[in-house]
Amino acid sequence: MTKLGISVGMLATVLCLSVRAQTIDIIALDQDGAQTILQAAKERAQQRSAPSAIAVVDPAGDLLAFQRMDGVRPASADLAIEKARTAARLQRSTAEIEDSIDQGRTAFVTAGIPVLRGGMPIRVNGAVVGAVGIAGLSKETDAEIANTAAAALNPSPRTGQRR
């Protein structure tokens, strides 16, 4: 019976070690971080006189925070969420993806990925922790507001660049 107990204990130890070796740690935005991003986007949109729909998502693209400012078209709500989701899941700005399409990389279009400027991954220490999506006035303004908001947690100049 003692040998059986020792064998079971050793087997349990080995199985626990191998499970740990098969997992990774993921850093993601919490509600405070999402609200910080949302507020930065709202402030920048107000400075630009550009009412916007603002979506903040986690790394998987699931919605954490959202605001549709007064004067924004109803369809902008869905666009902002999709822009944020795309930026989070592909871990790059939607402007970069749109540029790829403009240069002939049409696979994104056939893959059913919504690609419009205004989605930006949020990086902390190089890791994508979420993304922000902006839909409102124009694609250039949307992208600029998204860039500003994404930098709110990590004001380094490399925040908006893919690493």
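# Exercises on a predicted model

Ser76 sits in helix 3, which covers residues 75-90. Helices (H or I, at least four residues) and strands (E, at least two) are DSSP runs, numbered from the N terminus. The model is predicted, so local features need pLDDT of at least 70 and side-chain atom pairs count only at pLDDT 80 or more, while totals for chains, interfaces and linings use all residues. Residues are numbered from 1 along each chain as its sequence is written, and side-chain values use heavy atoms, with hydrogens and water left out.

**Exercise 1.** Describe the surroundings of Ser76.

Step 1. Ser76 has a relative accessibility of 1% and therefore counts as buried. Buried means under 20% relative accessible area, exposed over 50%, and partly exposed in between (1.4 Å probe, protein chains only).

Step 2. Not counting residues up to four places away in sequence, Ser76 touches Ala53, Ala135 and Gly136. Contact means heavy atoms within 4.5 Å.

Step 3. Ser76 and Leu137 are 61 residues apart along the chain, and their C-alpha atoms are separated by 9.5 Å.

**Exercise 2.** Place strand 1 in the sheet.

Step 1. The sheet is open, has four strands in the order 2-1-4-3, and its pairing is antiparallel. Strand 2 (63-68) and strand 3 stand at the edges with a single partner strand each, so one side of each has no neighbour in the sheet. From one strand to the next the twist averages 15°. Angles run from 0 to 180 degrees between N-to-C directions, and axes are lines fitted to C-alpha atoms, for helices over the stretch in contact.

Step 2. Strand 1 and strand 2 run antiparallel and are joined by five bridges. Strand 1 and strand 4 are also paired in the antiparallel sense, over five bridges. Two strands pair if DSSP finds at least two bridges between them. Strands of a sheet pair through backbone hydrogen bonds, either parallel or antiparallel.

Step 3. Val56 stands opposite Ala65 in strand 2, and Val57 stands opposite Leu63 in that strand. In strand 4, Val57 has Ala131 as its bridge partner.

Step 4. The hairpin of strand 1 and strand 2 has five residues between the strands, and there Gly61 takes a positive phi near 95°.

**Exercise 3.** Work out how strand 1 is covered and which core it joins.

Step 1. Five of the five residues of strand 1 are buried. Ala53, Ala55 and Val57 point one way, and Ile54 and Val56 the other way.

Step 2. The largest nonpolar core has 31 residues, and those with the most contacts inside it are Ile54, Val56, Ile122, Val132 and Ile134. The elements giving two or more residues to this core are helix 2, strand 1 (53-57), helix 3, strand 3, strand 4 and helix 6. A nonpolar core is a set of buried Ala, Val, Leu, Ile, Met, Phe, Trp, Tyr and Cys residues joined through side-chain atoms within 4.5 Å. In soluble globular proteins, nonpolar side chains tend to be buried together.

Step 3. Leaving aside neighbours within four places in sequence, the contacts of Val56 include Leu29, Ile37, Leu64, Ile122 and Val132.

**Exercise 4.** Check the span of helix 6 and find what covers its buried residues.

Step 1. Helix 6 has 12 residues, which should span 16 Å at 1.5 Å a residue; its end C-alpha atoms are 16 Å apart, which agrees. The expected span of a helix is 1.5 Å times one less than its number of residues.

Step 2. The buried residues of helix 6 are Thr141, Asp142, Ala143, Ile145, Ala146, Ala149 and Ala150. What covers them includes helix 2 (31-47), helix 3, strand 3 (119-124) and strand 4 (127-135).

Step 3. Helix 6 lies across strand 3 and strand 4, and runs at about 145° to strand 4.

Step 4. Asp142 has a relative accessible area of 5% and is therefore buried. Beyond four places in sequence, its contacts include Lys83, Arg117 and Ile134.

**Exercise 5.** Locate Gln91 and Asn125 and state their phi values.

Step 1. Gln91 lies in the loop between helix 3 and helix 4 (94-102). Its phi is positive, near 55°, and at 42% relative accessibility Gln91 is partly exposed.

Step 2. Asn125 lies in the loop between strand 3 and strand 4. Asn125 has a positive phi of about 55° and is exposed at 74% relative accessibility.

Step 3. Most residues other than glycine have a negative phi.
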